[in-house]
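Biologist: I have a new structure open and don't know my way around it yet. Can you walk me through it?
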Amino acid sequence: NQRYIKPVEIVIIDSGSTDNTLKIAEKHKAHIYKIKHEDFSHSFARNMGAQKARGEIIIFMTQDALPMGDSWISKIVKPLDECKVAAVSVAELCPETTELFYKVATNDDDALELRKKASLTDITCAIHAEIFKKYAYRFNYAEDLDMGIRLLRDGYRIALLTDVKVLHGHNRSCGYYIKRALVEQISFDSILPQCAT
């Protein structure tokens, strides 16, 4: 239902969905590539999708994000041309049913500052295909932070659009966040020194 856009190519990397994803994708003539669930990582799936895509601009989205509005695509790609930025991320709007911890984490001022300065967000990101294919995602966690830092260090500009949003949120256990905090710390300790390479 998007307006003000050229025809788009939809590429889906499916790691074993059990809902109606594939039926819906086939109905809309999406290009579907299947991988084993155990082979999935955000970096691997996105890198594979980018290699299969033929367009000049790639928009990555997670399966559980929903674009807000019928001019969403045109708004997210506009800065790539008009403002000469390499990549663009958009803000999250949490559904009412999202747990409080996730809402607070996604609206945290420090997280927003980090994203403004360095991080792209895997939830939704638009990037010039040529630039993405040159850099590609690395690592199994915080690959979007790593990509943003590498782009900035090489003189590219990235943007976070706060007026363009995706609907996205989670309801997870407290144990999930404890594990995530540990994985984040380990990942950041290993990624940040390597970003310059």
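Modeller: Start with D146, which counts as buried because its relative accessibility is 0%. Keep in mind that this is a predicted model.

Biologist: Which residue does D146 form a salt bridge with?

Modeller: The partner of D146 is R138, and their closest N and O atoms are 2.8 Å apart. R138 is partly exposed, with a relative accessible area of 22%. Salt bridges with shared partners join R138, D146 and R150 into one network.

Biologist: Where do D146 and R150 sit, and are they in a covered or an open stretch?

Modeller: D146 and R150 are both among the buried residues of helix α7. That helix covers residues 143-153 and is mostly covered, with nine of its 11 residues buried. The buried set also includes E143, L145, M147 and L151.

Biologist: What follows α7?

Modeller: G155 follows α7, and its phi is positive, near 95°.

Biologist: Back to salt bridges. How many does the structure hold?

Modeller: The count is five. One of them links the side chains of D70 and R3, at 3.1 Å from N to O. D70 is in the loop between β4 (66-67) and α3 (72-82) while R3 is in the segment before β1, so this pair ties together parts that are 67 residues apart in sequence.

Biologist: Are D70 and R3 buried or exposed?

Modeller: D70 counts as partly exposed at 33% relative accessibility. R3 is partly exposed too, with a relative accessible area of 40%.

Biologist: And which residue meets D122 in a salt bridge?

Modeller: R46 does, with 3.5 Å between N and O. D122 lies in the loop between α5 (109-117) and β6 (124-128), and R46 in helix α2 (residues 42-52), so the pair ties together parts that are 76 residues apart in sequence. Both D122 and R46 are buried.

Biologist: Let's zoom out. How many helices and strands does the chain have?

Modeller: The protein chain has eight helices and seven strands. It has 197 residues, 40% of which count as buried. The exposed surface comes to about 12100 Å², with carbon and sulfur atoms supplying 55% of it.

Biologist: What share of the contacts comes from residues 24 or more positions apart?

Modeller: Such residues account for 71% of the contacts with a separation of 6 or more.

Biologist: Now the strands. What is the order in the five-stranded sheet?

Modeller: The order is β3-β6-β5-β7-β4, in an open sheet with mixed pairing. β3 (57-61) and β4 stand at the edges with a single partner strand each, so one side of each is left without a neighbour in the sheet.

Biologist: In which sense do β3 and β6 pair?

Modeller: They pair in the antiparallel sense, over five bridges. As an example, I57 has H128 in β6 as its bridge partner.

Biologist: What about β1 and β2?

Modeller: β1 (residues 11-14) and β2 (residues 31-34) pair in the parallel sense over four bridges. D14 stands opposite K34 in β2. With helix α1 (residues 21-27), the two strands make a right-handed β-α-β unit.

Biologist: On to the interior. How many residues are in the largest nonpolar core?

Modeller: It has 16 residues, and F60, A87, L120, I127, F132, M147 and L151 have the most contacts inside it. At least two residues of this core come from each of β3, β6, α6 (129-135) and α7. The largest share, four residues, is supplied by α6.

Biologist: Pick one from α6. Why does F132 count as buried?

Modeller: F132, in helix α6, counts as buried because its relative accessible area is 2%, and the cut-off for buried is under 20%. Beyond its neighbours within four places in sequence, F132 is in contact with R46, N47, A50, F60, I127, Y137 and M147. Its C-alpha atom is 8.3 Å from that of I58, which is 74 residues away along the chain.

Biologist: And what does A87 contact outside its own neighbours in sequence?

Modeller: Leaving aside residues within four places in sequence, A87 is in contact with several residues, including L80, L120, C125, I127, L151 and I158. Apart from this core lies another one of 15 residues, with A65, V88, L161 and V166 among them.

Notes: Residues are numbered from 1 along each chain as its sequence is written. This is a predicted model: local features need pLDDT of at least 70, side-chain atom pairs count only at pLDDT 80 or more; totals for chains, interfaces and linings use all residues. Side-chain values use heavy atoms; hydrogens and water are left out. Buried means under 20% relative accessible area, exposed over 50%, partly exposed in between (1.4 Å probe, protein chains only). Contact means heavy atoms within 4.5 Å. Accessible areas come from the Shrake-Rupley method with a 1.4 Å probe; for residues, only the protein chains shown count as cover. Two strands pair if DSSP finds at least two bridges between them. A crossover is right-handed if, with the strands pointing away from the viewer, the path from the first strand over the helix to the second runs clockwise. A salt bridge is a side-chain nitrogen of Lys or Arg within 4 Å of a carboxyl oxygen of Asp or Glu. A nonpolar core is a set of buried Ala, Val, Leu, Ile, Met, Phe, Trp, Tyr and Cys residues joined through side-chain atoms within 4.5 Å.
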